[in-house]
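Grab a pencil and open the structure viewer. The exercises below walk you through one fold, a step at a time.

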Amino acid sequence: MAATNGMLDPEDTVMLLIDHQSGLFNTVRDIPIPDLRNYVIALAKTASLLKIPVITTASVPDGPNGPLIPEIDKYAPHAQYVPRTGQINAWDNPPFVEAIEQTGRKTLIIAGTLTSVCMAFPAVSAVQAGYKAYCVVDASGNWSKMATDITIARVTQAGAIPTDTFAIVGELMRTWNRAEGSQFAEILSDHICPEYKCLIESFTKAQAVVNNGPETKMDKFQ
């Protein structure tokens, strides 16, 4: 196993996407819903690109909480869904923990809606069980900014690591000098930082000018 210098090791990582449900998204106030969906898509695509196991679960999907958003299965078709029987903390559901244990991996990337419950509760339990837990705050969504701020303090005190989607993608990517570099660039520009697409477009144009000459022929105006 290559040295990670304290960074995430994709070969030891499991991604837990918890309760990203259409009904629960209606309660989110601390982040725009389109942004939240895009950050979850970015995580799903990154997991697929790096062949990281993904485990999903939903709280009362037949009730008002609603089904998991379809983008998760679309972009992480290898995701394993583990049903629950009413447990609020996914870690209280033995099959969920068993699915994690079966991977043999000890580092968890956790995102869940709502942040202060569906993300935080399993993170606290996971740390207590001996796992390293990274909490992706902006891919979770909460009912208020105050609740999110309090939750970040809580999970940090419990020993989990709060982070964001851009950081997770960059940390797992490690280097641009890899075959998937352009695919990572697409994830960043399509789902996390649209401004990055402007940078890519400008760079692509600059390369074209170097290779083919300027588009505007200034000698015509002289």
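**Exercise 1. Find how β5 and β6 are joined, and which residues face each other.**

Step 1. Strand β5 runs parallel to strand β6 (residues 161-163), and 3 bridges join them. Strands here are DSSP runs of E with at least two residues, helices are runs of H or I with at least four, and both are numbered from the N terminus. Two strands count as paired if DSSP finds at least two bridges between them.

Step 2. Look for Tyr134: its bridge partner in β6 is Ile161.

Step 3. Now trace the path between the strands: β5, helix α6 (residues 145-158) and β6 make up a right-handed β-α-β unit. Right-handed means that, with the strands pointing away from you, the path from the first strand over the helix to the second goes clockwise.

Before going on, a word on the source. You're looking at a predicted model, where local features need pLDDT of at least 70 and side-chain atom pairs count only at pLDDT 80 or more, while totals for chains, interfaces and linings use all residues. Residues are numbered from 1 along each chain as its sequence is written, and side-chain values use heavy atoms, with hydrogens and water left out.

**Exercise 2. Look at the other side of β5, and work out why β5 is largely enclosed.**

Step 1. Strand β4 (residues 107-112) is parallel to β5, with 4 bridges between them. Here Tyr134 of β5 has Ile109 opposite.

Step 2. β4, helix α5 (residues 115-128) and β5 form a right-handed β-α-β unit.

Step 3. Count the buried residues (under 20% relative accessible area, 1.4 Å probe, protein chains only). In β5 (residues 132-136), 4 of the 5 residues are buried, so the rest of the structure largely encloses this strand.

**Exercise 3. Put the whole sheet in order.**

Step 1. Start with β1 (residues 13-18) and β2 (residues 54-57), a parallel pair joined by 4 bridges. Leu16 sits opposite Ile55 of β2.

Step 2. Write down the order: 6 strands make an open sheet, β3-β2-β1-β4-β5-β6, with parallel pairing. At the edges are β3 (80-81) and β6, each pairing on one side only.

**Exercise 4. Zoom out to the whole chain.**

Step 1. Tally the secondary structure: the chain has 9 helices and 6 strands.

Step 2. Check the burial: 48% of the 222 residues count as buried.

Step 3. Frame the chain: its C-alpha atoms fill a box of roughly 75 × 40 × 30 Å along the principal axes.

Terms used: Buried < 20%, exposed > 50% of the residue type's maximum accessible area, 1.4 Å probe, protein only.
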